[in-house]
Amino acid sequence: NKKMVTLSAVVLVKFIVRKQWFVAGAGDGFIHIYNYETKRQQVPSFTAHAGKLTSLAVHPSKPYLMSWSSDEMNLWDWDKAWECTQTFKCKHSGYICQVMFNPKNSNSFVTASANHMIEVWDFDSPQCKYTLSGHWDRVNCLDFFTHDNQQYLITGSSDCSAKIWDMHSNMCTHTLHASMSPVMSVMFHPNLQVLITGLEDGTVYLWSSTNFRLERIINPPVIEPPAWGFGWLYNIFSSPVSEHVWGLACSMQSEGFVFGRGETVAMVDVSNVNNQEESSHHSVPQIRADTTTQLIDNSVLLEVHPSDLRFPLQPHKSTTCSLDLTNHTYERVAFRLVQKNKKSHSFGEEEDSLLSNVPIYGFIASGSTYTLVVTTKEWPDQGEDTSLDLLLQSSISGDKFIVPFENETECVDLFEELKEMGNVVHELTLKAVFYAQEEVTREIISATKKVDALGFGNSLVCLDAHPTETWILTCKFFGDVHMWDLVSQACSVGIVTS
């Protein structure tokens, strides 16, 4: 393996497949280009920005590389000896978290920024063309996908949601809410037709790209302490940051994907996702039972699907059920889902709630669908069939609470204020059914292989995959970059910081 050196820590890596290159963006504003085919010699580096690079994007058809630092983006043309052909300025103070070129419009690109905005640009203007507004916190990531010949954009945010945007109408059509954890990375898998979201807590969710229902949950890989025996030091210095899903990547040749979490890169094979879904449907029909839709007050506010939430009991496991809330009004709707009744059960003590993430509350934009993933607590060795009632409250919120609720009390206070103003607070009772089930193959799978053991204290910060080969690039916290073969799990190229 050839070892190559750069003068400052690398923070970003990308493949440029048409040139057999990969680029490495450094903390000192330099961009370094390496040839991974012809003796792996470095193409001359150049200064892209005065400060640290925060995002890189490779154009899918033109000889362009986009770089971002501070308040400007530069467009570089490698056919013109890496000349900067255009500069784009941001008016806001939030830095750019990700840049992506539009695969269906070669003159357009989109940015996700820390000021909770998604901005759409084109090469005709140095300023943003228009914005997509709907997130309430930093937008960390985005990806394009197509369904029924219509282009969509998925975005992930620190507001703990992922949103689906119709790029024809520029409207948010769907919100995916799986847990109270920020969404750090998103990806569309073209071979499996699924959307993948990686969360700050290390969990990965797979969603259907056709109806946006939850398909799979990927358990975080277990990060073991170093083999040299100082596990107590590892536990002391390990922080929640080390658990973030910092990258998702897949090859066009692959029916699986890789993701980086903490100090490891895990490879997951989900090639039989559709077959498992079909077999699960036939072997456990009660999971799909009673999936009718309920309307509140003749469709005044929200369409609810399904009317019954069904949770199979599995020893020492938590299970999930998706709940879709669709706002058919022209107004913004506030909602709150709570447990209606508390009861004692076979655990031998009174339980505050059988569900781990209820209450859930928030807002649903006009014409949009909000998908909640309701999760149970872990069950003991034995469980018995039981049920409880959930109460869904909803009301048109108008301009009240433009910012998101900080806690449930603010949500309760809003509903009380709306009642005093004469607004109707609609209430619907939903049934949550818990039934004994030995095993359900549909819900949760685990990462299958640990591809890269990154090293103690050297967490992953960036990940990219070659579209046609079984290669991935990993960039670590201390600036080390490696190119791996997923089949052999061998490193073929390494770059280290001097």
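Here is a short back-and-forth about a predicted model, going through its rings, its spaces and some backbone oddities.

Me: How many aromatic pairs does the structure hold?
Reply: Rings of Phe, Tyr and Trp pair if their centres lie within 6.5 Å. By that cut-off, the count for this predicted model is 23 aromatic pairs.

Me: Take phenylalanine 109 and phenylalanine 123: is that pair stacked, edge-to-face or tilted?
Reply: The two ring centres are 6.1 Å apart, with 35° between the planes. Under 30 degrees would count as stacked and over 60 as edge-to-face, with the rest called tilted. At 35°, then, the pair of phenylalanine 109 and phenylalanine 123 is tilted.

Me: Where in the chain do those two phenylalanines lie, and how many residues apart are they?
Reply: Phenylalanine 109 belongs to strand β11, residues 108-113. Phenylalanine 123 is in the loop between β12 (117-122) and β13 (130-133). The pair links distant parts of the chain, and the separation is 14 residues.

Me: And is phenylalanine 109 buried or exposed?
Reply: The cut-off for buried is under 20% relative accessible area. Phenylalanine 123 falls in that class, and phenylalanine 109 does too: buried.

Me: Which residues form one aromatic cluster with Phe109 and Phe123?
Reply: Phe109 and Phe123 are part of a wider group of rings. The other members of the cluster are Tyr64, Phe88, Phe101 and Trp121.

Me: Which ring does the charged end of arginine 332 sit over?
Reply: For an arginine, CZ has to be within 6 Å of the ring centre and within 35 degrees of the ring normal. Here the distance to the ring centre is 3.7 Å. The ring under arginine 332 is that of phenylalanine 363.

Me: Phe363 again: which residues are the closest to the centre of the second largest pocket?
Reply: This pocket has about 720 Å³ of space. Its lining is made of 30 residues. The closest to the centre are Gly134, Trp136, Asp159, Lys163 and Phe363.

Me: Which element gives the most to the lining of that second largest pocket?
Reply: Elements that give two or more residues are β16 (162-166), β17 (171-177) and β30 (360-364). The top contributor gives five residues, and that is β30.

Me: Which domains does the lining of the second largest pocket draw at least three residues from?
Reply: By class, the lining residues divide into 15 nonpolar, eleven polar and four charged. One source is 10-272 + 445-495, and another is 295-340 + 353-436. Those are domain 1 and domain 2.

Me: How many charged residues are in the lining of the second largest cavity?
Reply: That cavity has a volume of about 30 Å³. Its lining includes Cys160, Leu176, Ser179 and Trp207. The class split is seven nonpolar and two polar, and for charged residues the answer is no charged residues.

Me: Cysteine 160 is in that lining; what is its phi near?
Reply: Most residues other than glycine have a negative phi. Cysteine 160, found in the loop between β15 (150-157) and β16, goes the other way with a positive value. Cysteine 160 counts as buried because its relative accessible area is 11%. Its phi is near 75°.

Me: Which histidine has a positive phi although it is not a glycine?
Reply: The value is about 65°, and the residue lies in the loop between β11 and β12. With a relative accessible area of 31%, this histidine is partly exposed. The residue is histidine 116.

Me: What is omega near for the peptide bond from valine 358 to proline 359?
Reply: Most peptide bonds are trans. The bond from histidine 305 to proline 306 is cis, with omega near -5°, and proline 306 lies in the loop between β26 (302-305) and β27 (308-313). Proline 359 is in the loop between β29 (333-339) and β30. The bond from valine 358 to proline 359 is cis too, with omega near 15°.

Me: How are the C-alpha atoms of glutamate 469 and aspartate 485 separated?
Reply: Glutamate 469 is in the loop between β36 (460-465) and β37 (471-476). A relative accessible area of 35% makes glutamate 469 partly exposed. Along the chain, aspartate 485 is 16 residues apart from glutamate 469, while the C-alpha separation is 8.4 Å.

Terms used
Residues numbered from 1 in each chain as written. Predicted model: local features only at pLDDT ≥ 70, side-chain atom pairs only at ≥ 80, totals over all residues. Heavy atoms only, no water. Phe/Tyr/Trp six-rings, centres within 6.5 Å; stacked < 30°, edge-to-face > 60°. Helix = DSSP H or I, 4+ residues; strand = E, 2+ residues; numbered from the N terminus. Buried < 20%, exposed > 50% of the residue type's maximum accessible area, 1.4 Å probe, protein only. 1 Å grid on protein atoms, 1.4 Å probe; cavity = no way out; pocket = protein on both sides within 12 Å on 5 of 7 lines; lining within 4 Å. Points joined across faces, edges and corners; volume = space filled by probe spheres on them. Nonpolar A, V, L, I, M, F, W, Y, C, P; charged D, E, K, R; others polar. Domains from an automatic or database assignment.
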